[in-house]
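Visitor: I'm a first-year student, and I'd like a close look at one pairing of side chains in this model. Could you then take me through what surrounds it?

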Amino acid sequence: MLTPEQLVASQKANMETLYGLTTKAFEGVEKLVELNLQATKAALAESQAHANAMLSVKDAQELIALQAGLFQPLAEKAAAYSRHLYDIASGTGAEFSKAFESKVAEGQAQFASLVDNAAKNAPAGSETAVAMMKSAVAAANNAFESVQKAVKQATDVAEANFNAVATSATSVAKTATAKKR
């Protein structure tokens, strides 16, 4: 059983983890707001510059060239924005995952200690039950590790796919812009 001191220490650690995760979540939101403000300011400035350029156009050919030159930078900026957005989300998610894994590891260690303590104080003849319990704990730990590895692999694949799509979109925009000129 847990002593009152252990219970208080556990609750304190849980509160510290909660406050830490809340802080990380707010940091992620701050980064997202900052990214959106920068993107909005840049879009407004570029819109003004483009409008001024359109007002100085002298013929239709120049207008078509101006419009064609707009697509490539637009696609690159959209890809860069998406990349920043992905970085913010994955960074914040990684912090949450790290905290979760730490808490799970701590819980597994406490449970293993509890099982070992129970095994030491178990009555004679209960060795089979203790062995089965230890085996179940080991199987649960192995299953959790397998899930962690699968999530890591899926994350790596998703990031690779995201990078491939961003690169592809940028090159398609470059090709389309080159053909229009």
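Visitor: Which residue has a side chain that meets the side chain of Lys-77 in a salt bridge?

Guide: The partner is Glu-46, and the closest approach of the two side chains in this salt bridge is 2.8 Å, N to O. Lys-77 belongs to helix 2 and Glu-46 to helix 1, so the pair ties together parts that are 31 residues apart in sequence. A salt bridge here means a side-chain nitrogen of Lys or Arg within 4 Å of a carboxyl oxygen of Asp or Glu. Side chains of opposite charge can pair when their charged atoms come close.

Before going on, a word about what you are looking at. This is a predicted model, in which local features need pLDDT of at least 70 and side-chain atom pairs count only at pLDDT 80 or more, while totals for chains, interfaces and linings use all residues. Residues are numbered from 1 along each chain as its sequence is written, and side-chain values use heavy atoms, with hydrogens and water left out.

How open are the two partners? Lys-77 has a relative accessible area of 39% and is therefore partly exposed. Glu-46, with 34%, is partly exposed too. The cut-offs are these: buried is under 20% relative accessible area, exposed is over 50%, and partly exposed is in between, using a 1.4 Å probe and protein chains only.

Now let's look at the two helices that this pair joins. Helices are DSSP runs (H or I, at least four residues), as strands are (E, at least two), and they are numbered from the N terminus. Helix 1 covers residues 4-55, and its 52 residues should span 76 Å at 1.5 Å a residue; the end C-alpha atoms are 76 Å apart, which agrees. The expected span is 1.5 Å times one less than the number of residues. For helix 2, the 61 residues should span 90 Å, and the end C-alpha atoms lie 89 Å apart, which agrees as well.

Side by side, the axes of helix 1 and helix 2 come within 10 Å and cross at roughly 175°. Axes are lines fitted to C-alpha atoms, for helices over the stretch in contact, and the angles run from 0 to 180 degrees between N-to-C directions. Helix 1 and helix 2 are therefore roughly antiparallel to each other. Their contact includes 16 nonpolar, eight polar and six charged residues. For angles, under 35 degrees counts as roughly parallel, over 145 as roughly antiparallel, 65 to 115 as roughly perpendicular, and the rest as oblique. For the classes, Ala, Val, Leu, Ile, Met, Phe, Trp, Tyr, Cys and Pro count as nonpolar, Asp, Glu, Lys and Arg as charged, and the others, Gly among them, as polar.

Some residues of these helices are hidden. In helix 1, Gly-28, Leu-35 and His-50 are buried, and helix 2 (60-120) is part of what covers the buried residues of helix 1. Helix 2 has its own buried residues, including Ala-75, Ala-79 and Tyr-86.

Your pair is part of a wider set, as the whole structure has four salt bridges. One of them joins Glu-27 and Lys-24, at 3.7 Å, N to O. Glu-27 and Lys-24 both sit in helix 1, three residues apart, about one turn of the helix. An α-helix has 3.6 residues a turn, so residues three or four places apart point the same way. Glu-27 counts as partly exposed at 31% relative accessibility, and Lys-24 counts as partly exposed at 30%.

Lys-24 also meets residues from further along the chain. Leaving out residues up to four places away in sequence, Lys-24 touches Thr-92 and Glu-95, where contact means heavy atoms within 4.5 Å. Thr-92 is among the buried residues of helix 2. The C-alpha atoms of Lys-24 and Gly-91 are 9.5 Å apart, although 67 residues separate them along the chain.

Helix 2 holds an internal bridge as well. Arg-83 forms a salt bridge with Asp-87, with 3.1 Å between the closest N and O atoms. Arg-83 and Asp-87 lie four residues apart in helix 2, about one turn of the helix. Arg-83 is partly exposed at 24% relative accessibility, and Asp-87 is partly exposed at 34%.
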